[in-house]
Amino acid sequence: MPRILLLGGTHEAGQMAAALAEAGLDAVYSYAGRTAAPVAAPLPTRIGGFGGAAGLATWLRDNGIGHVIDATHPFAAQISRNALAACLATGVPLIALERPAWVAQDGDRWTSVGDIALAVAALPVAPATVFLAIGRQSLDAFRARPEHRYVLRLVDAPETPPLPGAAVVVDRGPFTEAGDIALMQRHGVQLVVAKNAGGSGASAKLGAARALGLPVIMVDRPALPDRHAVGTVAEVMAWLHDAKRGV
């Protein structure tokens, strides 16, 4: 089978990498390198970008890549768009390992918004303690609402708080509902802002908000072009098996 490029950085990508390694397939794991100490993968690894869709297309050709698996974060829309464009340009088949989105349950108090700017606009007028469970890349927009006190959970400890006066919790998932209830109670959280990343590793905050009766501003996923997407590692492995047989 030709060499495989796995675009990762998620819990599911780690599972995918383990399955590829266990099957003895020739694969390279690539991630953006936005965390200082990423979880090690059982595959040869590269870190950093490719230089857009054109750069990725060149990399695919130069490295003999025959299949691409996009297991990036649902909000890493640009790399997913670049991967699809590069694969169309080179004729390399692509499959996406895509987490199902979260769906509101009984007792949830969600306000769905289209992007981070709309999440900022949806914050209450009165000062509140807000848990921003959105990752470091999206925090700057909240500088426009300094009347609120923000609680941030980050994988890496920042040299200075990304938002003035913010409380920073350094931790890496998966998290538990009991742990997130305790965190929200400890900091007096009154509102949660979350991206609809899906998956189980970061869903604990939603159960905690439900248990505490807290409102959640939920940022919808960015739109992506149509692509072949599946929800499990087993489905990706079956796709690779079919490709090997020429199905």
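Here are some notes on a predicted model, meant for someone opening it for the first time.

1. **Start with helix H6.** This helix covers residues 204-212. Ala204, Lys205, Leu206, Gly207, Ala208 and Ala209 are its buried residues. What do they pack against? The partners are strand S6 (110-113), strand S7 (129-133), strand S8 (149-154), helix H5 (177-187), strand S10 (191-195) and strand S11 (216-219). If you want one element to orient yourself by, try H6 and trace those partners one at a time.

2. **Lys205, a charged residue inside.** Lys205 sits in H6, and here is the curious part: Lys205 is buried but has no salt bridge. Which side chain of opposite charge is nearest to Lys205, and how far away is that side chain? It belongs to Asp180, at 6.3 Å. A salt bridge needs the nitrogen and the carboxyl oxygen within 4 Å, so that pair does not count as one. Leaving aside residues up to four places away in sequence, Lys205 touches Trp102, Phe131, Ala133, Arg153, Asp180, Met184 and Ala194. So Asp180 does turn up among the contacts of Lys205, because contact is judged on heavy atoms within 4.5 Å.

3. **What comes after H6.** Gly213 follows the helix, and its phi is positive, near 70 degrees. Gly213 belongs to the loop between H6 and S11. Is Gly213 buried, partly exposed or exposed? With a relative accessible area of 31%, Gly213 is partly exposed. Along the chain, Gly213 and Asp108 are 105 residues apart, yet their C-alpha atoms are separated by 7.6 Å.

4. **Trp239 in helix H7.** Moving on to H7 (residues 233-245), look for Trp239. Its relative accessible area is 16%, so Trp239 counts as buried. Which residues does Trp239 touch, not counting those up to four places away in sequence? They are His67, Val68, Pro93, Leu94, Ile95 and His228. Ile95 is worth a second look: Trp239 and Ile95 are 144 residues apart in sequence, with 8.3 Å between their C-alpha atoms.

5. **Salt bridges, one pair at a time.** The count for the model is eight salt bridges. One of them joins Asp26 and Arg3, whose closest N and O atoms are 3.5 Å apart. That pair links distant parts of the chain, 23 residues apart: Asp26 is in the loop between helix H1 (11-22) and strand S2 (27-31), and Arg3 is in strand S1 (residues 3-7). Asp26 is partly exposed at 42% relative accessibility, and Arg3 is partly exposed too, at 25%. Then there is Arg145 with Glu147, where the closest N and O atoms are 2.6 Å apart. Arg145 is buried, at 15%, while Glu147 is partly exposed, at 31%.

6. **Asp70 and Arg227.** These two side chains form a salt bridge with an N to O distance of 2.8 Å. The pair links parts of the chain 157 residues apart, with Asp70 in strand S4 (residues 65-70) and Arg227 in the loop between S11 and strand S12 (229-230). How accessible is Asp70? The value is 2%, so Asp70 counts as buried. Arg227, at 21%, is partly exposed; the cut-off for buried is under 20%. There is a wider network here as well: salt bridges link Asp70, Glu98 and Arg227.

7. **The second largest pocket.** Two members of that network, Glu98 and Arg227, come up again here: along with Pro74, Arg221 and Leu224, they are the lining residues nearest the centre of the second largest pocket. How many residues line this pocket? The lining has 16 residues. By class, five are nonpolar, five polar and six charged. The space inside is about 170 Å³.

8. **A last stop at the surface.** Ala157 lies in the loop between S8 and strand S9 (167-170). Ala157 is exposed, with a relative accessible area of 60%. Phe131, one of the residues that Lys205 touches, makes a handy reference point: Ala157 and Phe131 are 26 residues apart in sequence, and their C-alpha atoms are 17 Å apart.

Conventions. Residues numbered from 1 in each chain as written. Predicted model: local features only at pLDDT ≥ 70, side-chain atom pairs only at ≥ 80, totals over all residues. Heavy atoms only, no water. Helix = DSSP H or I, 4+ residues; strand = E, 2+ residues; numbered from the N terminus. Buried < 20%, exposed > 50% of the residue type's maximum accessible area, 1.4 Å probe, protein only. Lys, Arg positive; Asp, Glu negative; His and termini not counted. 1 Å grid on protein atoms, 1.4 Å probe; cavity = no way out; pocket = protein on both sides within 12 Å on 5 of 7 lines; lining within 4 Å. Points joined across faces, edges and corners; volume = space filled by probe spheres on them. Nonpolar A, V, L, I, M, F, W, Y, C, P; charged D, E, K, R; others polar.
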